[in-house]
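Grab a coffee and take a look at the structure below. Have a go at each exercise before you read its solution.

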Amino acid sequence: EIASCLVGSEMCIRDRYTITDANGIHARPAGLLVKEAQRFASAVKLIRGEKSADLKRLFGVMGLNVKAGDAVTVSAEGADEEAAIQALETFFQQNL
């Protein structure tokens with residue numbers, strides 16, 4: 001479910017995922033996820049509940065402590081936000 005959102009006065013794109021990996025977002029997939037996010041110029045965030053982290057920073061992603069069954073939201077804002085959301089959607093489907 002990809003949706004547009006408004007952050008301040010800027011538009012962004014959001015997508016929501018439920019983590020199906022039995023181990024949640026642990027070190028290995030977190031590292032791969034960060035690497036995928038770093039391919040894009042857009043600011044990309046991972047949101048779990050009330051907490052969010054820069055998806056380009058491993059310690060921030062690990063600090064969210066995402067477990068199996070948790071719902072997370074990814075938001076992207078910038079020139080390549082659509083491409084970022086599409087690539088991250090594919091990553092989540094294939095890896096998490």
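What follows is a set of four exercises, each with a worked solution.

A word on the ground rules: this is a predicted model, where local features need pLDDT of at least 70, side-chain atom pairs count only at pLDDT 80 or more, and totals for chains, interfaces and linings use all residues. Residues are numbered from 1 along each chain as its sequence is written, and side-chain values use heavy atoms, with hydrogens and water left out.

**Exercise 1. Get your bearings**

Work out how many helices and strands the protein has, and in what order the elements run.

Solution. Start with the elements, which are DSSP runs numbered from the N terminus (helices: H or I, at least four residues; strands: E, at least two). You should find three helices and five strands. Next, read from the N terminus: the order is β-β-α-β-β-α-β-α. Now check burial, where buried means under 20% relative accessible area, exposed over 50% and partly exposed in between (1.4 Å probe, protein chains only). Of the 96 residues, 41% are buried.

**Exercise 2. Follow strand 3**

Find which strands pair with strand 3, and in what sense.

Solution. Two strands count as paired if DSSP finds at least two bridges between them. Begin with strand 4 (residues 51-54): strand 3 pairs with strand 4 in the antiparallel sense, over four bridges. Leu46, for instance, has Ala53 in strand 4 as its bridge partner. These two strands form a hairpin with two residues between them, and Gly49 in the turn has a positive phi of about 65°.

Then move to strand 5 (residues 71-77). Strand 3 (residues 43-48) pairs with strand 5 over five bridges, again in the antiparallel sense. Here Ile47 is matched with Thr73. Strand 5 is mostly covered, with five of its seven residues buried.

**Exercise 3. Track down the salt bridges**

How many salt bridges does the structure hold? For each, decide whether the partners are buried, partly exposed or exposed.

Solution. Look for a side-chain nitrogen of Lys or Arg within 4 Å of a carboxyl oxygen of Asp or Glu. That search gives three salt bridges.

- Arg39 and Glu36: the closest N and O atoms are 2.4 Å apart. Arg39 is exposed because its relative accessibility is 56%, while Glu36 is buried at 17%.
- Asp70 and Arg48: the N to O distance is 2.9 Å. This pair links distant parts of the chain, 22 residues apart, with Asp70 in the loop between helix 2 (58-63) and strand 5, and Arg48 in strand 3. At 16%, Asp70 is buried, and at 29%, Arg48 is partly exposed.
- Asp54 and Arg57: N to O is 3.9 Å. Asp54 has 34% relative accessibility, so Asp54 counts as partly exposed; Arg57 is exposed at 56%.

**Exercise 4. Pack two helices**

Describe how helix 1 and helix 3 are packed.

Solution. Two packed helices are described by the angle and the distance between their axes. The axes are lines fitted to C-alpha atoms over the stretch in contact, with angles from 0 to 180 degrees between N-to-C directions. For helix 1 (residues 27-37) and helix 3 (residues 81-95), the axes come within 10 Å and cross at roughly 165°. Helix 1 is therefore roughly antiparallel to helix 3 (the label for angles over 145 degrees; under 35 is roughly parallel, 65 to 115 roughly perpendicular, the rest oblique).

Finally, list the residues in contact (heavy atoms within 4.5 Å). Helix 1 contributes Pro29, Leu32, Leu33, Glu36 and Ala37, and helix 3 contributes Ala87, Leu88, Phe91 and Phe92.
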